[in-house]
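Here is a short report on internal cavities and salt bridges. Please look over the model first.

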Amino acid sequence: MGGRKFYPLSPAQRWLIDMNFNRARSTMMNLSGLLKLSSGVDVERLAKAINETLQAHDIFHCRFEVHPVTSDICQTFDGEISPVTVEEILDEEFEARKKNLREPYRITEEPLYRIKIFETPTARYLYVDFYRAIIDGTALMLLFMREMDLRYRGRKILREPASFAQFVLEEAQISAAEGRAYWEKILAKFDRAKHLPPVDVKGVRAWTLGEYEGTFKNISESFFRASRRSEATFFLGAAMLTLAKITGAKDSVMSFVHNGRTSMAEMRLLGVMIEQFPCAWDFSDDMSVENFLNELEGKIRTGMNYRNSLDVVYDAGLDCATLIFQKNIVSDHVMIGDTTAQIIELPETETSAVQNSLDIEISNNESGLFDFFVSYDAGRFSAEGIKKFAATFDEVVREMQGEKISVSKILRRQQTLRR
C-alpha cells in the first residue's frame with residue numbers, strides 16, 4: 001500500500017457513513033431508480049455510454065477503506081470500474097428480481113454503485129443505484145444522466161471532468177475554526193422535545209419509515225413570479241413557523257438541505273456536494289413576514305459561508321426537522337436519445353428506514369403547483385399527526401403570502417385553532 005494515495009472524507013461523507021453504521025442494514029443510503037426504456041433504445045450502445053461516463057469521473061473509482069496507519073476511514077480513487085452489460089431475463093424473473101434490486105451496501109473496498117440493464121422478451125429496463133456518500137441527486141440527474149445521454153447520442157464531451165478527489169483535498173486545507181463557534185451556538189439551542197412535533201406513537205421500532213405526500217392547495221408558482229421571493233427561503237420560513245405553531249414553542253430550530261454548489265466549477269463536479277445547514281429563529285421578536293423572510297435569507301447566506309465547519313454539526317448527530325426544496329428536478333420520465341424512459345416506482349424493502357426524524361421535500365410540478373413529500377420516524381410520529389402537520393403547513397403558506405402580516409399573528413391564529 002506504500003504507493004497508494006489516501007484522501008480524507010469530506011464532512012458530509014463522514015456524516016453519511018456514520019449514519020449508515022448506526023442503521024447498517026438499511027437501504028436509506030441508496031440513491032436508486034428504475035427506468036422502463038423505450039423499445040427504440042439500443043441497449044448495447046446505452047451500456048457503452050454508461051461505461052464511458054463511469055470511466056471518465058474519479059468519483060466512480062472511489063473506494064472507502066480503513067487507513068493502514070491511522071485506522072480512520074478514508075477514500076481512494078484508483079478502483080476498477082465494474083462494467084455494465086445487458087442481461088437477458090424472462091419477464092417473470094425480472095418481476096421477482098425487482099423486489100430485491102435495492103440492497104444495502106458493504107461500504108469498504110467495494111464499488112459504491114450498481115447499474116444494470118435488463119432485456120426481457122417484452123421490455124427493457126435500466127436500474128441505477130449509487131451510495132449516497134459518493135453522489136447526490138443533483139449530480140445524478142443533472143450531471144450523470146445528461147452526460148450518459150450525450151454519449152449515447154454520439155456527442156463529444158468537450159470539457160475535462162472535474163476531480164472530486166482534488167476538491168476534497170483542497171476543502172480539507174481550508175481553516176474552519178471561525179464557523180465552528182457559529183454552529184455550536186445553534187446546536188446549543190436545539191431541543192428535540194421542543195423543536196419536533198409531539199411524540200404520539202409507542203411500540204413501533206425506532207427509525208421505521210413513514211411516508212406522507214400531497215400538494216399545497218394554497219400557493220402556486222405565480223406567487224413567486226410576482227413577488228420574486230426565493231421558493232427555498234419561503235418554504236423554510238413556513239416550515240419553521242409551522243413547527244413553532246404545532247409545538248407552542250417561541251422559537252424554531254431546523255435544517256435545510258442545499259446542493260452545496262455555489263460556483264460554476266462546483267456545478268460541474270460529479271460527487272456528493274449536498275450539505276445540511278441548521279438554522280435557528282426566535283419568534284419572540286415580532287416582525288412582519290416580509291422582514292422575517294428578508295432576515296432569514298441573510299441567515300441562509302451566513303450559514304453557506306461556514307460550510308467548511310459543518311463537521312461540528314454532523315459530529316453532533318443533529319436530528320432536527322429538515323427541509324429540501326427541489327426545482328425542476330423531479331419528473332416521472334427521463335429522456336434517452338430521442339426516446340422517453342418512464343420512471344418505475346420501486347417497492348420498499350424490509351431494510352427501508354428514515355434518515356432523519358422528519359424530512360420535508362418540496363418540488364414544483366408541471367401544473368405550476370408544489371408537491372410535498374414527508375418521510376418521518378413512524379416510531380415517534382403517527383400518520384394522523386403528520387397529516388395534521390401537513391394541513392397546518394399549507395395554512396401557514398397561505399397566510400404568509402400577505403407579507404405585511406406579523407409572524408405573531410400567524411402563531412396566535414394557530415393557538416386559537418388548537419384551543
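Which residues line the largest cavity? The model is predicted, and the lining consists of Trp15, Ser255, Gln276, Val313, Tyr314, Gly317 and Leu318.

**Cavities**

A search of the whole structure turns up 2 cavities of 30 Å³ or more. The largest has a volume of about 50 Å³. Its lining splits into 4 nonpolar and 3 polar residues, with no charged ones.

The second largest cavity holds about 40 Å³ of space. Around that second cavity sit Tyr182, Trp183, Phe256, Pro278, Cys279, Lys299, Ile300 and Gly303. By class, this lining counts 6 nonpolar, 1 polar and 1 charged residues. Lysine counts as charged, and Lys299 is part of this lining. Which elements each supply at least two residues of this lining? They are α6 (177-189), β9 (275-282) and α11. Helix α11 gives the most, with 3 residues.

**Salt bridges**

The whole structure contains 24 salt bridges. Three of them are set out below.

| Pair | Closest N to O distance | Relative accessibility |
|---|---|---|
| Asp315 and Arg14 | 3.3 Å | Asp315 52%, Arg14 28% |
| Lys48 and Glu52 | 2.6 Å | Lys48 51%, Glu52 30% |
| Lys404 and Glu290 | 2.7 Å | Lys404 67%, Glu290 26% |

Start with Asp315 and Arg14, whose side chains meet in a salt bridge. This pair links distant parts of the chain: Asp315 belongs to helix α12 (residues 311-316), Arg14 to helix α1 (residues 11-22), and 301 residues separate them. Is Asp315 buried or exposed? Asp315 is exposed, because its relative accessible area is 52% and the exposed class begins over 50%. Arg14 is partly exposed, at 28%.

Next come Lys48 and Glu52, again joined by a salt bridge. Both lie in helix α2 (residues 43-56), 4 residues apart, so about one helical turn separates them. Lys48 counts as exposed, while Glu52 counts as partly exposed. The pair is also part of a wider network of salt bridges, in which Lys48 and Glu52 are linked with Glu147 and Arg151.

The third pair is Lys404 and Glu290, with a salt bridge at 2.7 Å. Lys404 lies in the loop between α13 (383-400) and α14 (407-418), and Glu290 in helix α11 (residues 289-305), so the bridge ties together parts 114 residues apart in sequence. Here Lys404 counts as exposed, and Glu290 as partly exposed. Helix α11 thus appears in both sections: Glu290 lies in that helix, and α11 supplies 3 residues to the lining of the second largest cavity.

Methods: Residues numbered from 1 in each chain as written. Predicted model: local features only at pLDDT ≥ 70, side-chain atom pairs only at ≥ 80, totals over all residues. Heavy atoms only, no water. Salt bridge = Lys/Arg side-chain N within 4 Å of Asp/Glu carboxyl O. Buried < 20%, exposed > 50% of the residue type's maximum accessible area, 1.4 Å probe, protein only. 1 Å grid on protein atoms, 1.4 Å probe; cavity = no way out; pocket = protein on both sides within 12 Å on 5 of 7 lines; lining within 4 Å. Points joined across faces, edges and corners; volume = space filled by probe spheres on them.
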